[in-house]
Amino acid sequence: MSKSPDDAPTAAADAPAGTPSGATAGRSRYGSVRLAHGSGGKLSLELIQELFVAEFGNAPLAELTDAAILENRPGRLAFCTDSHTVTPTFFPGGDIGRLAVAGTVNDLAVMGATPAYLTAAFLLEEGYDMEELERVVRSMKATADEAGVAIVAGDTKVLERGKGDGLFVNTAGVGFLPDDVRMGASEIRPGDKILVNGTLGDHGIAVMSRREGLDIGVDLESDVAPLTGLLARVREVAPNVRFMRDVTRGGLAAVGNEIVLDRPWGLRIFDVAVPIHDVVEDVSEMLGIDPLLAANEGKVLLVVPPDEADAALGAMKAHPHGREAAIIGDIVKEPAGTPIVETAYGSRRILEMPIEEQLPRIC
């Protein structure tokens, strides 16, 4: 990871008696994270070189300079950051490492950018299991490869035992987008179609079920995934996509409210068209949770001109992360500034903006 001057190697005063010296020694010999792993000294350097650099493996990172020097590309730059906290760290279908990489990559991809570089900062609690940390790092590398990005810089801090709750990860990302890409809520027009790439609420319910030890009878998995490939394919066949947003905390309800806020049009969702896994439906009903408010980490909402909607839908269904894609609604002139849900019987309700988080610590 890139180092600041304050992170320069100092001494091995915290190394245990009999600890092998040198950066080539095995990285799991300590068993758990020690305060010295964040001291900027010998153990910090070993952790950086033997785990992060070895696993993420790329030239800018291996330089261990204060900042990564990167090749620029024509066009505009997209830049974002996100912090990740989830309990448990490992859940059905993913873990905090895959979550961190996919979340940042998706934030870039929905802007029309091609993600290229990430940074990763780790806040580790003293005593955190070293093998678990290695699993997280390997998962981050695999997800970064899947998304076509490199993790080129980062930081490590160790918090005292009892003050860190295990592991937090912050990721920041850079992507590039051509000058002619124009997407956003201001581009949306009445008559446009609304699409999603699959079942909603899987991530939130899967994580909560594991956390609470619920026996839901089937192996429901989180949808966490990088969506770069899927969105690139959609834009090939539907070049005039108006708007894209990854559907994370607050679920479909949050995104639906955000894109109509102060706009001269509204949106209509057909409830029978929204894909929801039967288990998510059942657990949500049992716990009093609206699945339209539940979090996702591999789902995206698109607003597409009506003459490109079928092509976009076909492209998503042909991709592994979009097989259950659906057209779920449209943009309407009235009521302006309001998202509504319409049932098969024609009744309507307002899709309310979530007031507080239904399921904390899930992303």
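L267 has I331 as its bridge partner over in β11. That pair belongs to the contact between strand β9 (residues 266-270) and strand β11 (residues 326-332), which run antiparallel and share four bridges. Keep in mind that this is a predicted model.

## The seven-stranded sheet

Zoom out from that pair and you find an open sheet of seven strands, ordered β8-β10-β7-β11-β9-β12-β13, with mixed pairing. Its edges are β8 (243-246) and β13 (348-350), each of which pairs on one side only. Going from one strand to the next, the twist averages 25°.

On its other flank, β9 meets β12 with four bridges, and here the two strands run parallel. One contact to look up is F270, which stands opposite E342 in β12.

β12 then pairs with β13 in the antiparallel sense, over three bridges. In that pairing, V341 stands opposite R349 of β13. The two strands make a hairpin with five residues between them, and G346 in the turn has a positive phi of about 90°.

Which residues of β12 are buried on its two faces? P339 and V341 are buried on one side, I340 and E342 on the other, and both faces of the strand are covered. In a regular strand, side chains alternate between the two faces of the sheet.

## Helices against this sheet

Helix α6 (residues 228-237) lies across β8 and β10 (300-304), and runs at about 10° to β10.

Why can helix α7 (residues 251-260) be called largely enclosed by the rest of the structure? Nine of its ten residues are buried, so the surroundings wrap most of α7. The buried ones are G251, L252, A253, A254, V255, G256, N257, I259 and V260. What covers them includes β8, β9, β10, β11 and β12 (339-342).

Just after α7 comes D262, whose phi is positive, near 60°. D262 sits in the loop between α7 and β9.

## The four-stranded sheet

There is also an open sheet of four strands in the order β1-β6-β4-β5, again with mixed pairing. Here the edge strands are β1 (76-84) and β5 (150-159), and each pairs on one side only. Neighbouring strands are turned by 15° against each other on average, direction ignored.

β1 and strand β6 (residues 167-177) run antiparallel and are joined by nine bridges. If you want one pair to click on, H84 has V169 in β6 as its bridge partner.

## Backbone oddities

A few loop residues are worth a look for their backbone angles. Two of them are prolines that follow a cis peptide bond, and two are non-glycine residues with a positive phi.

| Residue | Backbone feature | Angle | Place |
|---|---|---|---|
| P88 | cis peptide bond from T87 | omega near 5° | loop between β1 and β2 (90-91) |
| P335 | cis peptide bond from E334 | omega about -5° | loop between β11 and β12 |
| L64 | positive phi, not a glycine | phi near 55° | loop between α2 (59-62) and β1 |
| D262 | positive phi, not a glycine | phi about 60° | loop between α7 and β9 |

Are L64 and D262 buried or exposed? L64 is buried, with a relative accessible area of 16%, and that falls under the 20% cut-off for the term. D262, on the other hand, is exposed at a relative accessible area of 73%, which is over the 50% needed for that label.

## The largest pocket

Last stop, the pocket. Rolling a probe the size of a water molecule over the atoms shows where empty space is left. In this model, the largest pocket holds about 290 Å³ of space. It is lined by 17 residues, and D223, K299, P320, H321 and E324 are the closest to its centre.

How does the lining of the largest pocket divide into nonpolar, polar and charged residues? Three are nonpolar, eight are polar and six are charged.

How values were computed: Residues are numbered from 1 along each chain as its sequence is written. This is a predicted model: local features need pLDDT of at least 70, side-chain atom pairs count only at pLDDT 80 or more; totals for chains, interfaces and linings use all residues. Side-chain values use heavy atoms; hydrogens and water are left out. On a 1 Å grid over the protein atoms alone, a cavity is a set of points where a 1.4 Å probe fits but cannot get out, and a pocket is an open set with protein on both sides within 12 Å along at least five of seven lines; lining residues have an atom within 4 Å of a point. Grid points are joined across faces, edges and corners, and a volume is the space filled by probe spheres set on the points. Ala, Val, Leu, Ile, Met, Phe, Trp, Tyr, Cys and Pro count as nonpolar, Asp, Glu, Lys and Arg as charged, and the others, Gly among them, as polar. Two strands pair if DSSP finds at least two bridges between them. Axes are lines fitted to C-alpha atoms, for helices over the stretch in contact, and angles run from 0 to 180 degrees between N-to-C directions. Contact means heavy atoms within 4.5 Å. Buried means under 20% relative accessible area, exposed over 50%, partly exposed in between (1.4 Å probe, protein chains only).
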